[in-house]
Amino acid sequence: KRAAVSFKNALVVEEIHYNLYKEALKAVQSGKDLQATSVYVCDVCGNTVYGGPQDKCSVCGAARERFMLVD
């Protein structure tokens with residue numbers, strides 16, 4: 001059961017990562033400067049968010065405190 005949850009979370013997180021990369025590529029290709037913003041990563045599932053985490057991870061439900069700021 002834990003393996004199934006882990007794979008499900010990984011699929012959701014990789015879809016999020018794909019969309020983040022796609023948006024960054026689109027910005028670069030259009031000549032836009034990427035706005036510097038804080039990036040946070042959930043240390044449970046790898047979910048990546050800009051700006052700051054919500055109270056709970058939208059993927060695995062981990063508490064806000066489980067997100068780490070990426071410098």
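**View A. Contacts of Arg64 in the predicted model.** Beyond its neighbours within four places in sequence, Arg64 is in contact with Pro53, Gln54 and Asp55. One of these partners, Pro53, sits eleven residues away along the chain, and the two C-alpha atoms are separated by 6.0 Å. Arg64 belongs to the loop that runs between strand 2 (48–50) and strand 3 (67–70). Arg64 is partly exposed because its relative accessible area is 38%, which falls between the 20% and 50% limits.

**View B. The largest nonpolar core.** Eight residues form this core. Val13, Val59 and Ala62 are among them, as are the aromatic residues Tyr40 and Phe67. Three cysteines complete the set: Cys42, Cys45 and Cys57.

**View C. Val13 and its contacts.** Val13 is a member of the largest nonpolar core. Neighbours within four places in sequence aside, Val13 is in contact with Cys45, Gly46, Asn47 and Val59. Of these, Cys45 and Val59 are also listed in the core.

**View D. Cysteine sulfurs without disulfides.** Searching the whole structure gives zero disulfides. For Cys57, the nearest cysteine sulfur is that of Cys45, 3.6 Å away. A disulfide requires two cysteine sulfur atoms within 2.5 Å, so a pair at 3.6 Å does not count. Cys57 counts as buried because its relative accessibility is 5%, under the 20% limit.

**View E. Cys60 and the sulfur of Cys42.** Cys60 is in no disulfide either. Its nearest cysteine sulfur belongs to Cys42, at 3.7 Å. Cys60 has 27% relative accessibility and therefore counts as partly exposed.

Note on methods
Residues are numbered from 1 along each chain as its sequence is written. This is a predicted model: local features need pLDDT of at least 70, side-chain atom pairs count only at pLDDT 80 or more; totals for chains, interfaces and linings use all residues. Side-chain values use heavy atoms; hydrogens and water are left out. A nonpolar core is a set of buried Ala, Val, Leu, Ile, Met, Phe, Trp, Tyr and Cys residues joined through side-chain atoms within 4.5 Å. Buried means under 20% relative accessible area, exposed over 50%, partly exposed in between (1.4 Å probe, protein chains only). Contact means heavy atoms within 4.5 Å. Helices (H or I, at least four residues) and strands (E, at least two) are DSSP runs, numbered from the N terminus.
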